[in-house]
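Q: Hi! Could you walk me through this structure? I'm new to this, so plain words please.

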Amino acid sequence: MDFNKLFDSFNTENKSEEEVDIYMSRKEAFKKLGSLTKKVALASLPVAAFTMMPKMAFAQSSDVIGVLKFALALERLEYQFYIKGVDSGVVSGRHMDVFMAIREHERIHVELLETTIQALGGNLDGVPSMFDFTAGGVFPSPFSNRQLFLALSQAFEDTGVRAYKGQAPNLIENDDLLKVALQIHAVEARHASQVRRIRGRKGWITEEDYDGIDGFGATFMMASSAVYAGEKNTTHVGVEVTEVTTVPVMAVREAWDEPLSMQMVLDIVKPFIVS
Amino acid sequence: MTKFTDSKGKGYKPDQGLSSSRRSFLQYSGAALATSAILLSGCEQFEEFIPPKNPNSPKKVNLGSGDIGILNYAYALEQLEAAYYTKVALLGFYLGASAEEIRVLEDLRQHEVAHREFFEAALGKNAIGKLEFDFSMVDFRDRNSVLQTAKTFEDLGVAAYNGAGPLLTNPDFLVVAGKIVSVEARHATAIYDLIAPNEAFVDFIDDGLERAFPPMQVLQAAAPFIVTEIDASNLPKA
């Protein structure tokens with residue numbers, strides 16, 4: 001059923017004109033996309049994997065569903081952010097393909113998570129669906145101030161990467177779910193890298209991020225310091241990497257991304273959530 | 001030996017690149033290395049560039065089983081990436097490389113070397129030996145050849161970690177793999193962005209999900225670049 005639902009979203013037959021229009025405009029974003037068949041096949045796979053999993057695997061699935069709902073909250077926030085971003089004209093023409101692609105990825109992530117949560121017997125209650133990207137007026141005009149839009153985008157993407165990473169261990173007993181979470185995680189990292197580069201920064205998290213996202217005063221700086229908290233870590237599974245390599249410490253810090261706990265992520269995004 | 005020079009731009013000017021006759025890998029002498037823009041950080045790296053001469057490398061390695069096997073698998077891939085970017089840098093980057101391109105490739109070299117040395121230390125006595133590589137199909141003078149190969153390695157690395165994550169049983173190892181794979185994905189996008197500015201991932205991740213490959217598929221894809229025989233038969237399958 002869920003498989004069919006996703007499939008239908010790519011199938012223009014039996015659709016109203018308006019639905020087809022929405023579909024076709026999405027298609028334009030992927031003007032270099034290969035065959036539609038390939039897309040359908042790929043997009044359908046993970047859902048198929050989930051729905052084929054024995055229910056037994058989720059005997060104690062409340063934690064897993066909690067993780068998925070948490071991820072869904074972040075994906076909805078991102079998706080809404082890029083819908084508005086693309087529609088508002090804040091995105092420059094030469095970056096439009098990138099942000100339309102990001103929007104489409106986030107849409108797929110939202111749909112995938114919603115479908116999966118429901119397939120596992122969960123519901124979507126309590127998952128935020130309304131957002132205020134000014135964070136109550138703290139960041140005015142995110143959809144007319146291009147620099148602010150890009151700074152927020154970077155913060156959301158880098159936070160998303162850290163959020164998925166932090167939840168990976170909670171999915172370790174569910175290999176199929178973990179795999180898809182990792183597949184989303186890496187896409188968020190691609191987004192982060194691209195947006196950072198559009199902003200003239202390195203694609204990876206660097207020393208300069210600890211100074212905050214500049215141009216928007218102390219508030220953004222404080223907010224973004226939470227986004228990058230702990231990213232200077234150079235010790236991994238007990239190995240202090242700076243002691244075993246001649247690579248400069250700055251590069252060692254860049255070479256590992258750090259996880260964030262669910263609570264730390266929620267604290268970061270809370271100001272953007274209305275309900 | 002002295003450390004790699006890590007100052008940005010300094011010593012990496014493409015027009016100071018080596019003449020084409022000296023660029024040939026096999027013609028590299030110790031003297032040429034010493035006078036090249038980059039000084040080597042350690043003898044082990046030096047050895048990587050003189051494959052036939054001093055093969056400390058075993059002919060064959062066995063990755064082992066369980067989590068150790070998966071970590072050795074990651075170590076093998078990091079060795080491949082590190083060796084590749086080290087060679088790119090050692091040969092003075094490709095003709096006409098921009099300052100930005102050199103900055104990205106130099107960052108990638110440093111990151112991958114750090115990853116490699118991390119795995120070596122983390123695995124300790126369980127670590128496989130140093131692998132021997134063959135990059136003869138890469139034209140290191142040619143921008144397209146260098147960047148496309150980098151793209152191949154980064155995309156493959158991301159797909160490899162994504163496929164390997166579910167094979168791990170220790171959550172600490174899973175987290176560290178996660179810490180590395182997102183950086184590999186950042187690399188992949190940066191390389192894409194050099195190849196086709198502002199088109200990164202637009203036509204690649206068309207289903208919103210990264211690829212995830214099982215180890216055998218990854219090792220097959222990497223096989224043309226790896227001389228040392230890798231026995232992956234004891235790796236966990238699922």
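A: Happy to! One term to start with: a polar contact is a pair of N or O atoms within 3.5 Å, where, within protein, one must be able to donate a hydrogen and the other to accept it. Also keep in mind that this is a predicted model.

Q: Okay, so what does the side chain of Tyr82(A) make a polar contact with?

A: With the side chain of Glu157(A), at 2.7 Å.

Q: Where is Tyr82(A) found?

A: Look in chain A for helix 4, which covers residues 62-88; Tyr82(A) belongs to that helix.

Q: And is Tyr82(A) buried or exposed?

A: Buried, because its relative accessibility is 1%, and the cut-off for buried is under 20%.

Q: Which residues is Tyr82(A) in contact with, leaving aside its neighbours within four places in sequence?

A: Phe99(A), Ile102(A), Arg103(A), Glu106(A), Phe149(A), Ser153(A) and Glu157(A). Take Phe99(A): it sits 17 residues from Tyr82(A) along the chain, yet their C-alpha atoms are separated by 6.9 Å.

Q: Switching topic: how many residues of chain A and chain B are in contact?

A: On the chain A side 68 residues, touching 64 residues of chain B. Between them the two chains bury about 5,300 Å², with 63% of that on carbon and sulfur atoms.

Q: Which residues in chain A lose the most area to chain B?

A: Those are Arg190(A), Arg197(A) and Trp204(A), which together make up 16% of what the chain A side buries.

Q: How many salt bridges are there between chain A and chain B?

A: Eight. One to look for is Lys202(A) with Asp107(B), where the closest N and O atoms are 2.8 Å apart. There are also 23 residue pairs in polar contact between the two chains, counting pairs with both residues at pLDDT 80 or more.

Q: Which element gives the largest share of the side of chain A that touches chain B?

A: Helix 7 of chain A, with 19 residues. Other elements giving two or more residues include helix 3 (36-52), helix 5 (96-119) and helix 6 (146-167) of chain A. By type, the residues on this side divide into 37 nonpolar, 14 polar and 17 charged.

Q: Last thing: what pLDDT does chain B average?

A: It averages 82, and 75% of the residues score at least 70. Over residues 1-54 of chain B, though, the pLDDT is below 50, and this stretch has 84 contacts in the model beyond near neighbours in sequence. Where pLDDT is low, the predicted coordinates should not be read in detail.

How values were computed. Residues numbered from 1 in each chain as written. Chains lettered and ligands numbered in written order. Heavy atoms only, no water. Helix = DSSP H or I, 4+ residues; strand = E, 2+ residues; numbered from the N terminus. Buried < 20%, exposed > 50% of the residue type's maximum accessible area, 1.4 Å probe, protein only. Contact = heavy atoms within 4.5 Å. Buried area = accessible area lost by both parts, 1.4 Å probe. Salt bridge = Lys/Arg side-chain N within 4 Å of Asp/Glu carboxyl O. Nonpolar A, V, L, I, M, F, W, Y, C, P; charged D, E, K, R; others polar. pLDDT = per-residue confidence, 0-100.
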